Amino acid sequence: MEIFNYPEKGQWGGILRRPQLDEQDLSEMVGQILDEVRVRGDEALLEYAERFDKIRLQDLRVSPVEIAQAGDSLSGELKAAVQAAMHHIETFHAAQRHDTVCIQTLPGVVCWQKPVPVEKVGLYVPGGTAPLFSTVLMLAVPARLAGCKEIVLCTPPGRDGKVHPAILYAAALSGVTNIYKVGGAQAIAALAYGTASIPKVHKIFGPGNRFVTAAKQMVSLRDAAIDMPAGPSEVMVLADGQANPAFVAADLLSQAEHGVDSQSILVTTSKELLVKVQEEIRKQSEKLTRLPIVAQSLQYSKLILLRTMNEALEMANEYAPEHLIIQAEDYISLAGRVVNAGSVFLGAFSPESAGDYASGTNHTLPTSGYAKAYSGVNLDSFMKKVTFQEITREGLRRLGSTIMVMAEHEHLDAHRKAVEVRISE
């Protein structure tokens, strides 16, 4: 991992730069996939399954029998863990429900806002190097709580043509309507455009690799809404001299094993801690099953030494990490000044793994600095707010002059007339 000792603020932008990839080639490739699926539907999806996943599928939809049998192949321990995690996620997200807001803005003018679920949602769950059944819970549970009528899930199958049983079990438990064996940008295209097998949805959720991220952004221009831009995963740890180096190293490595383009950053005020964390990373990484992935990821990772925790917090707000961990003596005080982060983990015993799986918060979060403007997935992500207003004759008379003056000065005569014709009777 690259080390930076007391960098000046003018250097921060370069140090904190995310891994850069060739976006032009990516856009061309993803655009071609989107066009093929839009025009040829299931036929294109089956061809891409053979080309990218090396399998020949007869049917894209996971059958009810496959779903029913999924739980039989899982251990009781894993099923209990999935159920417990789902309960915690359900508890946290159910508390986010909002009632209808109704207010009289002036006598005779009543306005209200009603939360309404997005009717049809598509969930993308990556397969690739790990079966992310935890992502099923993070997306499907709030979708069900919101009241979405149709919850469609796409995920890439394995070489045997099957979806991992833990993904199927979590989906059935969480209330997913239909599951399809489709991955990558082609899955996003299927959800955005619809095919003979896969219904078109109104909003698409879920993380993925750079192809999936690019596809989501491209279809969001006119075909379907998306949750947020979400690319390679990342963590920033703020630590003072009191932090446990073994804990810090474990947090950095847990992020690094997500993928080769993940980024882990330590910002500390202690040179001694920095040295100890380096040693811990060496020791702990040797025992990891995904060491080749971790080793590549650490090439994009940084160890940064700053003078004060205030400076460290300023750097964190500039970086706007997906995950921010604060292991410092005054972490509560520092947390109060966090303004740019997807999810924040406070104290020595709040590992990022807790949020990834089971504490109850959502792990689908903005990356690449988008935490400056986007929230992570929550119950509101699956809702829309419809506003209503009811105005009496007397109410319109009270409000009329305001409307008509403003309409006149915007040169919109018909707007003015729509009020005038009513109050002149």
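Visitor: Which five of the 40 residues in the largest nonpolar core touch the most other members?
Guide: Welcome! This is a predicted model, in which local features need pLDDT of at least 70, side-chain atom pairs count only at pLDDT 80 or more, and totals for chains, interfaces and linings use all residues. Residues are numbered from 1 along each chain as its sequence is written, and side-chain values use heavy atoms, leaving out hydrogens and water. A nonpolar core is a set of buried Ala, Val, Leu, Ile, Met, Phe, Trp, Tyr and Cys residues joined through side-chain atoms within 4.5 Å, where buried means under 20% relative accessible area, exposed over 50%, and partly exposed in between (1.4 Å probe, protein chains only). In the largest core, the five residues touching the most other members are Val121, Leu123, Val136, Leu153 and Phe382.

Visitor: Which element gives this core its largest share?
Guide: Helices (H or I, at least four residues) and strands (E, at least two) are DSSP runs, numbered from the N terminus. At least two core residues come from each of α5 (76–94), β4 (120–124), α6 (133–146), β5 (150–155) and α7 (165–174). The largest share, 10 residues, belongs to α6.

Visitor: How many residues are in the other core that lies apart from this one?
Guide: Val152, Ala185, Val201 and Ala214 are among the members of that other core. Its number of residues is 34.

Visitor: In what order do the 5 strands of the open sheet stand?
Guide: Two strands pair if DSSP finds at least two bridges between them. In this sheet the pairing is parallel, and the order is β6-β5-β4-β7-β8.

Visitor: Which strands stand at the edges of that sheet?
Guide: An edge strand here has a single partner strand, so one of its sides is left without a neighbour in the sheet. The two at the edges are β6 (178–181) and β8 (225–226).

Visitor: Which residue of β7 is the bridge partner of Leu123?
Guide: Leu123 sits in β4 (120–124), a strand with 4 of its 5 residues buried. Towards β5, which runs parallel to β4 with 5 bridges, Leu123 stands opposite Leu153. Towards β7 (residues 203–205), also parallel, there are 3 bridges, and Gly122 stands opposite Ile204. There, the bridge partner of Leu123 is Phe205.

Visitor: At about what angle to β4 does α6 run?
Guide: Axes are lines fitted to C-alpha atoms, for helices over the stretch in contact, and angles run from 0 to 180 degrees between N-to-C directions; contact means heavy atoms within 4.5 Å. α6 lies across β4, β5 and β7, and its angle to β4 is about 170°.

Visitor: How many residues of strand β12 are buried?
Guide: β12 covers residues 323–327. His323, Ile325 and Gln327 point one way, while Leu324 and Ile326 point the other way, and all are buried. That makes the number of buried residues 5 of 5.

Visitor: Which residue of β13 stands opposite Leu324?
Guide: β12 runs parallel to β9 (residues 234–239), with 5 bridges, and Met236 stands opposite Leu324. β12 also runs parallel to β13 (residues 343–346), with 4 bridges. In β13, the residue opposite Leu324 is Val344.

Visitor: What arc do the buried residues of α3 cover around its axis?
Guide: In α3 (residues 42–52), the buried residues are Asp42, Ala44, Leu45, Tyr48 and Ala49. They lie on the same side of α3 because their arc is narrow; the arc is that of the directions from the helix axis to the C-beta atoms. Its value is only 155°.

Visitor: How many disulfides does a search of the whole structure find?
Guide: A disulfide is a pair of cysteine sulfur atoms within 2.5 Å. Take Cys102, which is exposed at 52% relative accessibility: its sulfur is 8.4 Å from the closest cysteine sulfur, in Cys111, so a bond is ruled out by distance. Cys111 is partly exposed, at 24%. Over the whole structure, the number found is 0.

Visitor: What distance separates the C-alpha atoms of Asp25 and Ala243?
Guide: Asp25 lies in helix α2 (residues 23–40) and is partly exposed, with a relative accessible area of 45%. Asp25 and Ala243 are 218 residues apart along the chain. Their C-alpha atoms are separated by 43 Å.
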